[in-house]
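Please look over the sequence and the structure shown here. The paragraphs that follow go through a sheet and then two residues.

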Amino acid sequence: QMQLVESGGGFVQAGGSLRLSCAASGRTFSIYAMGWFRQAPGKDREFVAYITPSGDSTYADSVKGRFTISRDNAKNTVYLQMNSLKPEDTAVYCCAAGVRLPYTRVDKYDHWGQGTQVTVSS
């Protein structure tokens, strides 16, 4: 069973930056697509970004141009660099690992981390 542990969340002012990390256990990290999802109070969990095993990335329209997803297979880690943060980015951010398309869907992922809180003040 793969385990995922997020870190790097915290409090930041609007316009600021934050870098989230997701460390994975297991021997097959490099064959998984890795995704970031977020859930704000009273809202459904929504897709943020994913990166394929080959390094191709896709972003939700709401974060395009501001967030960057990357991975380091040697460290079994995926990152989410968040710049120009807005109050509406406030949410619990979770990373996930999956092998089934489409990678934008919550129900296509097999493993999930516990989440890390990101709070952006205005």
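In which sense do strand 1 and strand 3 pair, and over how many bridges? In this predicted model, the two strands pair in the antiparallel sense, and four bridges join strand 1 to strand 3 (residues 18–24). One bridge links Leu4 to Ala24, its partner in strand 3.

This pair belongs to an open sheet of four strands, whose order is 1-3-8-7 and whose pairing is antiparallel. Strand 1 (4–7) and strand 7 (67–72) each have a single partner strand, so they stand at the edges, and one side of each has no neighbour in the sheet. On average, neighbouring strands of this sheet are turned by 15 degrees against each other, direction ignored.

Thr116 is part of strand 11 (residues 116–121). Thr116 counts as buried because its relative accessible area is 11%, under the cut-off of 20%. Leaving aside neighbours within four places in sequence, Thr116 is in contact with Glu6, Ser7, Gly8, Gly9, Leu20, Ala91, Val92 and Tyr93. For Gly9 there is also a polar contact: a polar atom of the Thr116 side chain lies 3.2 Å from the backbone nitrogen of Gly9.

The second residue is Val12, which lies in strand 2 (residues 10–13). Val12 is buried too, since its relative accessible area is 13%. Not counting residues up to four places away in sequence, Val12 touches Ser17, Leu85, Thr119, Val120 and Ser121. As for Gly65, 53 residues separate it from Val12 in sequence, and the C-alpha to C-alpha distance between them is 19 Å.

Conventions
Residues numbered from 1 in each chain as written. Predicted model: local features only at pLDDT ≥ 70, side-chain atom pairs only at ≥ 80, totals over all residues. Heavy atoms only, no water. Buried < 20%, exposed > 50% of the residue type's maximum accessible area, 1.4 Å probe, protein only. Contact = heavy atoms within 4.5 Å. Pairing = 2+ DSSP bridges. Axes fitted to C-alpha atoms, helices over the stretch in contact; angles between N-to-C directions. Polar contact = N/O pair within 3.5 Å; in protein donor to acceptor, adjacent residues only side chain to side chain.
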